[in-house]
Number of protein chains: 2
Amino acid sequence: MNAKAERPALRRPREKHAEAAAPLRKPRADGQRNRERLMESAKAAFADLGAEVSLDEIARRAGVGIGTLYRHFPTRGAIVEAVYRREVQQLAGSATRLLASLAPGEALHEWMRLFVDYVATKKVIAPALGSIGGGASQLYASSGAQITDAMRLLVDRAGAIGAIRPDVDSNDLLRALVGFTYGVASPDWQASALRLIDILMDGLRPPRPIRAP
Amino acid sequence: MNAKAERPALRRPREKHAEAAAPLRKPRADGQRNRERLMESAKAAFADLGAEVSLDEIARRAGVGIGTLYRHFPTRGAIVEAVYRREVQQLAGSATRLLASLAPGEALHEWMRLFVDYVATKKVIAPALGSIGGGASQLYASSGAQITDAMRLLVDRAGAIGAIRPDVDSNDLLRALVGFTYGVASPDWQASALRLIDILMDGLRPPRPIRAP
DNA sequence: GTCATATACGGAGAGGCCCTCCGTTTATCA
DNA sequence: TGATAAACGGAGGGCCTCTCCGTATATGAC
């Protein structure tokens, strides 16, 4: 409700000649670290206490002062959005990470499980995102693309080696996933989604081995 | 922070069947009046200042104390929901009211204009409704039914006397209305919706008079 | 009209939360 | 090692929420 339109010119250190130049120092390590810890704590706090947690609580969990939180995230919307972006990036990024350490079929299966976690977070903070200034739809568009791409990558790889039927459309699969998770609001929805994912994966396997071992 | 966790159990609503069960006094007139004034003020305050207005502000506008507001609406969600319900009822109820004083075609036209006002209110308070406990979807379902019914009534009457083409489906019309109003978030959307409604009404008129004079 | 009383009113006050400001600490770099 | 920009922390002002309880008044009985 506050007219917080002004960002009040943070600091004015005595400047000799602040010319247009690139700051040469590299960013301080503690700053980066605290930023990361804040997002981590915020995610946990959202999950535990809902999207309305006090910012004090988030700072406390992160072990930093409230001033530090505000320096990194000047508005509540900023931290909510940052957490969401980070979730999306972690989910999308995990596709390649999983492909590096697992067989493509297993990577796909595991990624789908991660998707359920992602939706759990999103369910909590989406309302908060919604009441932020209207930029939410753009945010969703970009995140949707990242997730679509990750899904396609996994499906392509799994299809290429015959771990799943070759005619599976990654968009169909994504829609199925969304359906599993967005359905009812029962407290059991996560377990249910995970069971459905297992069943879906069974169904995705090719009817017969590509060739006998 | 003391043991005060009890909600004092909303006043027992009066029974409609005033049989043996309701030897109670009839509700005080000032109570009813204040409740009404609070909802009126809340609607105006939401429109002027957004859904996050302070409850103090709403009470002040209504000319009542903050205690009075809290007696009638124990939570913020309660007043938001009450305002929304009232909007829906007024919109739905205006269908019969308009039919009583206008020709059916005009009534339909006017009702569509009122629909734009309704959407304007809803746009503001929907985010607030969204972050209330999960009962919002049920609320929407019931309001949707009321609006659908009102629309059907108007379309039937207008169709019956030949004010509009006889083959118009009220659901189609409602979808069109929603499309007009939910489109872009430009500041001009209301004027645009009203213009589109006029055009739509022109299109709805039967191509020729029912029979020549 | 008068009275008794259930009902409703108002607003002070306690406690939270948001956000800013600025003195202190610390990481970088010369 | 020292200078300095960058980052930290948290006290404090201000607004908001919600409760409590003494006061006022509408209603119904007589």
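A:R205 touches A:A163, A:I164 and A:R165, leaving aside residues up to four places away in sequence; contact here means heavy atoms within 4.5 Å. A:R205 sits in the segment after helix 8 of chain A. Helices are DSSP runs (H or I, at least four residues), numbered from the N terminus. The C-alpha atoms of A:R205 and A:G162 are separated by 8.1 Å, with their positions 43 residues apart along the chain. The side chain of A:R205 also makes a polar contact with the side chain of A:D202, at 2.7 Å. A polar contact is a pair of N or O atoms within 3.5 Å; within protein, one must be able to donate a hydrogen and the other to accept it, and residues adjacent in sequence count only if both atoms are side-chain atoms. A:R205 is partly exposed, with a relative accessible area of 38%. The classes are buried (under 20% relative accessible area), exposed (over 50%) and partly exposed in between, with a 1.4 Å probe and protein chains only.

This is a predicted model: local features need pLDDT of at least 70, side-chain atom pairs count only at pLDDT 80 or more, and totals for chains, interfaces and linings use all residues. Residues are numbered from 1 along each chain as its sequence is written, chains are lettered from A and ligands numbered from 1 in the order in which they are written, and side-chain values use heavy atoms, with hydrogens and water left out.

**The DNA surface**

DNA strand C is surrounded by 27 residues. A residue is near the strand if one of its heavy atoms lies within 4 Å of it. The closest are B:R28, B:N34, B:G65, B:T68 and B:R71. Of the strand C atoms that come within 4 Å of the protein, sugar and phosphate account for 62%. By class, the surface near DNA strand C holds 11 charged, eight polar and eight nonpolar residues. Here Asp, Glu, Lys and Arg count as charged, Ala, Val, Leu, Ile, Met, Phe, Trp, Tyr, Cys and Pro as nonpolar, and the others, Gly among them, as polar.

Backbone atoms take part too. A backbone N or O atom of A:K26 lies 3.2 Å from a phosphate oxygen of DNA strand C. A polar backbone atom of A:A29 is 2.9 Å from a phosphate oxygen of the strand. B:G67 reaches a base instead: one of its backbone N or O atoms lies 3.4 Å from a base nitrogen of DNA strand C. Helix 1 (29–49) and helix 3 (66–72) of chain A, with helix 1 (29–49) and helix 3 (66–72) of chain B, are the elements that give two or more residues to this surface. Helix 3 of chain B gives the most, with five residues.

**Helix 1 of chain A**

Helix 1 of chain A has 21 residues. Its first and last C-alpha atoms are 30 Å apart, close to the 30 Å expected at 1.5 Å a residue; the expected span is 1.5 Å times one less than the number of residues. Its buried residues are A:N34, A:L38, A:M39, A:S41, A:A42, A:A45 and A:F46. Their cover includes helix 2, helix 3, helix 4 (76–101) and helix 5 of chain A. Just after the helix, A:G50 takes a positive phi of about 90°.

**Salt bridges**

Side chains of opposite charge can pair when their charged atoms come close. A salt bridge is a side-chain nitrogen of Lys or Arg within 4 Å of a carboxyl oxygen of Asp or Glu. By this rule there are 28 over all chains. Three of them follow.

| Pair | Closest N to O distance |
|---|---|
| A:E57 and A:R61 | 2.9 Å |
| A:R113 and A:D198 | 3.8 Å |
| B:E36 and B:R86 | 3.0 Å |

A:E57 and A:R61 both lie in helix 2 (residues 55–62) of chain A, four residues apart, about one turn of the helix. A:E57 is buried at 19% relative accessibility, whereas A:R61 is partly exposed at 35%. A network of salt bridges links this pair with A:D48 and A:R60.

A:R113 is partly exposed at 28%. A:D198 is partly exposed at 34%. In chain B, B:E36 is partly exposed at 37%, but B:R86 is buried at 9%.

**B:H109**

B:H109 is found in helix 5 (residues 104–130) of chain B. It is buried, at 7% relative accessibility. Beyond residues up to four places away in sequence, B:H109 touches B:I197, B:D198 and B:M201. Its side chain makes a polar contact with the side chain of B:D198, at 2.7 Å.
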